[in-house]
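Here are some short exercises to work through with the model open beside you. Try each task before reading its solution.

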Amino acid sequence: MAPTKTASQAKPRTASSQQSPVLTLWNAYNETTSTRLKTIDAFLVFLMLSGIIQFLYCILVTNFPFNAFLAGFSSCVGQFVLAASLRSQVNPANKNEFKEVSPERAFADFALGSIVLHFFVYNFLG
Amino acid sequence: MPLAYSLPSNLSPATVANTSSLLRIIALSLISGAAIASRLFAVINFESIIHEFDPWFNYRATKVLAEKGFYEFWNWFDPTAWYPLGRVVGGTIYPGLMATSGVIYNVLHALHLPVDIRNICVLLAPGFSALTAWSTYMFTKEMKDESAGLLAAAFIGIAPGYISRSVAGSYDNEAIAIFLLMFTFYCWIKALKTGSAFFGTLTALFYFYMVAAWGGYAFITNMIPLHALTLILMGRFSSRLYVAYSSWYAIGTLSSMQVPFVGFQPVRTSEHMAALGVFGLLQIVAFAGMVRTHVSSKQFQSILYSSVIVIGLVGALAFGGLTYKGWIAPWTGRFYSLWDTGYAKKYIPIIASVSEHQPTAWPSFFMDLQFLIFIFPAGVVLCFRELRDEHVFVIIYALVASYFAGVMVRLMLTLTPVVCVAAAVAFSSLLDTYLDPVEPAVSEAVVPSTEADSAAAASPASGSSLGTDAAAPATGKKAKKAAATESSASGLASGLIAALSPSDKSSKPRGIFGLDTRSLVIFNAFGMLLFFVLHCTYVTSSAYSSPSVVLASTNPDGSQHIIDDFREAYYWLRQNTPEDAVVMSWWDYGYQIAGMADRPTLVDNNTWNNTHIATVGKAMSSTEEVAYPILRKHDVEYVLVIFGGLIGYSGDDINKFLWMVRIAQGVWPDEIQEPNYFTPKGEYRIDDAAPATMKESLMYKMSYYRFAELFGGQQAVDRVRGQQVPKTGPTLDHLDEAFTSENWIVRIYQVKKEDPLGRDLKSANAFEQGKKRKKTKPLARRKAVV
């Protein structure tokens with residue numbers, strides 16, 4: 001759980017009000033987030049990109065097998081929100097909100113949700 | 001602490017807990033038993049038979065599923081419905097009900113219990129009502145506690161508002177849908193409370209089942225987003241809300257699209273867009289929340305909030321634009337008719353013509369819910385006292401469902417569960433308050449202080465129901481001491497008393513004193529429960545247990561007389577007509593003809609093709625000469641009408657006739673006009689004063705054909721309309737009377753073929769009756785022979 005300080009390309013000086021808000025955010029994120037959460041975040045970014053690409057394809061090229069597009073896109077969206085849920089459940093900052101959900105339980109929920117989701121995705125791909 | 005009555009003190013907490021859970025299990029099973037038993041009136045009074053109209057189709061489809069398997073059922077094309085169009089059944093139904101019965105059937109047969117599929121269908125609704133009681137118990141338990149849950153389960157188990165759609169034999173989608181509704185809501189509340197994706201997934205799965213089972217799933221589709229949106233607006237956004245809503249929406253929406261009848265609607269129609277919008281909003285809010293944990297500048301926060309608002313606006317605009325461009329279908333007519341009760345009558349008469357789409361009459365609220373309906377607001381108010389997230393849900397549900405129940409009779413069904421829940425919360429608060437033996441500590445606090453009048457003050461206090469008022473003048477100072485030790489248990493009553501008494505008395509001891517007060521209130525409460533049970537049993541047995549396929553009347557000596565005209569006529573059709581003989585009737589009877597007579601029909605209760613129905617309406621409401629070509633073009637061989645004039649059956653075709661006219665007028669406004677069917681005074685008459693259009697219409701002729709003869713020269717009276725029928729009845733040239741049932745309820749006419757000699761049927765008929773033809777047209781006959 002130790003917050004590993006991954007070296008950001010940014011300079012060693014800490015966030016200050018002179019910096020742009022986005023940079024502040026980036027630095028604060030890098031400093032305070034555990035690797036575990038960062039792994040999930042990487043997964044989230046990947047899913048988001050994948051979803052965006054599918055959406056663009058649908059708009060720009062064709063939406064012809066509409067059910068296939070919906071299946072693929074919902075797979076991304078669904079997996080994204082499930083992973084985001086997992087992220088907020090295992091985030092130590094939210095511990096008092098999820099009293100009944102331990103990190104292990106959260107992962108089991110995530111796995112179950114993903115299985116159900118992909119069962120429907122597979123059925124809908126056609 | 002003083003007690004009003006003594007409690008056993010030698011019980012360990014574990015014993016109490018175990019005993020109470022055992023009692024709960026026993027109570028729940030008894031409630032289930034009562035719920036099932038009270039729905040069996042129909043089977044006992046009549047027989048194990050499928051009721052009404054839609055259930056006959058469901059039954060027929062289930063038989064196909066049970067006999068031929070799931071794939072055959074899924075791909076079933078029914079050529080006999082909507083002749084000559086046919087109907088793709090697999091893609092135009094909610095298969096949940098049939099699939100449920102099919103699974104039960106197969107399981108029972110795998111266990112070597114050869115139960116007839118009909119009995120499964122008949123008893124499915126009572127069985128699921130037991131499950132509904134259980135899920136209502138679970139739901140209410142989340143609202144208050146187990147005792148409220150048990151009350152709610154008992155209420156929903158026997159409330160006529162729910163029984164009306166779930167008696168044995170009422171094999172309709174609602175039979176399982178209310179269970180699914182309550183269980184989905186329970187899972188949602190649970191998911192929201194714990195923030196568990198597991199319950200979110202479960203919500204989605206039951207939502208899927210619900211989508212597969214009933215068109216009313218749109219209620220859930222909009223209730224949950226409305227709840228989530230309200231919570232966000234109340235500033236109650238939490239990660240738990242995010243987890244619960246996102247997992248439900250992502251899986252639920254995808255799964256709902258697996259049902260062929262729903263198809264792409266969840267991403268294409270406006271009814272489903274609220275859920276999508278809230279989903280997007282939640283993502284933004286959650287992201288903003290995550291960013292906020294990293295950047296703690298207040299200015300930054302405000303920027304984020306404004307950006308949330310901007311994004312919301314952009315989203316709404318995009319939605320409007322998409323609707324405008326036609327990518328998202330606008331609201332459907334059924335939806336508009338929920339807001340404007342006159343809409344359907346103006347634009348879609350076919351929806352307005354269904355009796356269960358009419359606005360609810362006031363008495364039916366009392367009839368369906370009895371005392372629950374006036375306890376209900378108290379329960380909703382009680383939800384405001386704690387106002388946890390789940391209470392917000394009940395409040396919203398109560399508001400929305402009350403409105404909808406006022407708009408449409410059939411939506412009473414969605415109101416009933418929340419009324420039961422809220423009433424149970426209120427009622428159990430009342431019982432909690434008055435069963436709790438703890439008394440306010442006034443006498444104990446006062447007596448040690450050695451005041452002379454304290455005993456005198458305390459004794460009237462324990463005697464009157466609003467004890468504080470009596471005790472107040474004497475025990476001013478001491479009461480303040482007592483208030484410090486006052487128990488917190490006196491919830492509802494103390495609130496009421498505090499509201500009633502002036503503000504300076506708020507520090508005085510409040511609560512319930514003595515046993516007599518308690519017994520009075522509790523006696524009253526149990527009296528209400530008792531009358532509720534009596535009312536429910538009475539209403540269920542007298543009003544809601546009629547199969548409407550079989551009618552019952554009472555003989556002069558009080559015994560029951562069964563009127564079985566419908567089945568008599570349908571079996572006549574089944575046994576005396578060729579298997580492909582097309583039967584025309586008004587659409588109400590389409591499913592019954594298909595189910596019981598097994599003959600093709602022109603239109604049925606799946607009212608998907610308005611033009612086809614209007615065609616039948618036109619044939620019924622025009623003259624024989626106009627109707628005959630329509631009948632011939634549609635290969636109609638038999639025409640079936642329902643006529644109640646002899647026996648006083650008011651749901652007959654003459655009473656429905658104006659709807660046929662209106663629906664036909666919607667398609668052929670030039671040929672059919674509703675005012676022509678009224679007398680110049682605007683009356684709807686069938687006697688001598690009836691307008692010519694009315695008397696010439698096929699429906700009128702078929703209904704009253706030879707009716708006057710039955711009275712043997714005396715004045716014929718139509719017992720439904722209470723009007724005298726003309727002595728010389730109508731004549732029919734293009735139809736032959738084929739069958740009339742015992743009480744004349746069902747009359748079947750055979751459509752004549754074209755005359756073999758090429759004459760028109762009117763003159764051929766006249767010839768057969770021996771009337772002389774006019775000499776002006778002798779040529780036609782000669783030509784025909786050649």
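**Exercise 1. Find the helix that holds Val310(B), and decide whether this residue is buried, partly exposed or exposed.**

Solution. Keep in mind that you are looking at a predicted model.
- Step 1: Follow chain B to residues 298-325, which form helix α15; Val310(B) lies in this helix.
- Step 2: Take the relative accessibility of Val310(B), which is 48%.
- Step 3: Exposed would require over 50% and buried under 20%. Val310(B) is therefore classed as partly exposed at its 48%.
- Step 4: For a sense of scale, go from Val310(B) to Lys753(B): they are 443 residues apart in sequence, and their C-alpha atoms are 71 Å apart in space.

**Exercise 2. Locate Thr679(B) and work out whether it is buried or exposed.**

Solution.
- Step 1: Look between α33 (653-667) and α34 (692-696) of chain B; Thr679(B) sits in the loop that joins them.
- Step 2: Its relative accessible area is 7%, so Thr679(B) counts as buried.
- Step 3: Now list its contacts, setting aside neighbours within four places in sequence. Thr679(B) touches Arg685(B), Ala689(B), Ala690(B) and Pro691(B).

**Exercise 3. Draw up a profile of each chain: its helices and strands, its buried share and its accessible surface.**

Solution.
- Step 1: Begin with secondary structure. Chain B has 37 helices and 10 strands, while chain A has four helices and zero strands. Read from the N terminus, chain A runs α-α-α-α.
- Step 2: Turn to burial. Of the 786 residues in chain B, 53% are buried; of the 126 residues in chain A, 40% are.
- Step 3: Add the surface. Chain B exposes about 34,500 Å², with 62% of it on carbon and sulfur atoms. For chain A the accessible surface is about 7,600 Å², and 69% belongs to carbon and sulfur atoms.
- Step 4: Finish with contacts between residues at least 6 apart in sequence. In chain B, 72% of these join residues at least 24 apart; in chain A the share is 66%.

**Exercise 4. Describe the nonpolar patch on chain A that includes Val61(A), and place this residue in the chain.**

Solution.
- Step 1: Val61(A) is found in the loop between α2 (35-60) and α3 (66-90) of chain A.
- Step 2: With a relative accessible area of 56%, Val61(A) is exposed, because the cut-off for that class is over 50%.
- Step 3: Trace the rest of the patch on the surface. Val45(A), Met48(A), Leu49(A), Ile52(A), Phe55(A), Leu56(A), Tyr57(A), Ile59(A) and Leu60(A) join Val61(A) in a nonpolar patch of about 1,000 Å².

**Exercise 5. Characterise the interface of chain B and chain A: which parts of chain B take part, and how many polar contacts are there?**

Solution.
- Step 1: The two chains bury about 2,800 Å² between them, and 74% of this is on carbon and sulfur atoms.
- Step 2: Leu254(B), Gln258(B) and His294(B) provide 20% of the area that chain B buries against chain A, more than any other three residues.
- Step 3: Count participants: 32 residues from chain B and 37 residues from chain A make the contact.
- Step 4: Check the polar side. Eight residue pairs are in polar contact, both at pLDDT 80 or more, and there are zero salt bridges across the interface.
- Step 5: Assign the elements. On chain B, α10 (197-213), α12 (239-256), α13 (265-268) and α14 (273-294) each give at least two residues to the side that touches chain A. The largest share, 10 residues, comes from α12(B).

Technical notes: Residues numbered from 1 in each chain as written. Chains lettered and ligands numbered in written order. Predicted model: local features only at pLDDT ≥ 70, side-chain atom pairs only at ≥ 80, totals over all residues. Heavy atoms only, no water. Patch = residues over 30% accessible without salt bridge, like charges linked within 9 Å, V, L, I, M, F, W, Y side chains within 5 Å. Areas by Shrake-Rupley, 256 points an atom, 1.4 Å probe, with all protein chains shown as cover. Salt bridge = Lys/Arg side-chain N within 4 Å of Asp/Glu carboxyl O. Buried < 20%, exposed > 50% of the residue type's maximum accessible area, 1.4 Å probe, protein only. Buried area = accessible area lost by both parts, 1.4 Å probe. Polar contact = N/O pair within 3.5 Å; in protein donor to acceptor, adjacent residues only side chain to side chain. Contact = heavy atoms within 4.5 Å.
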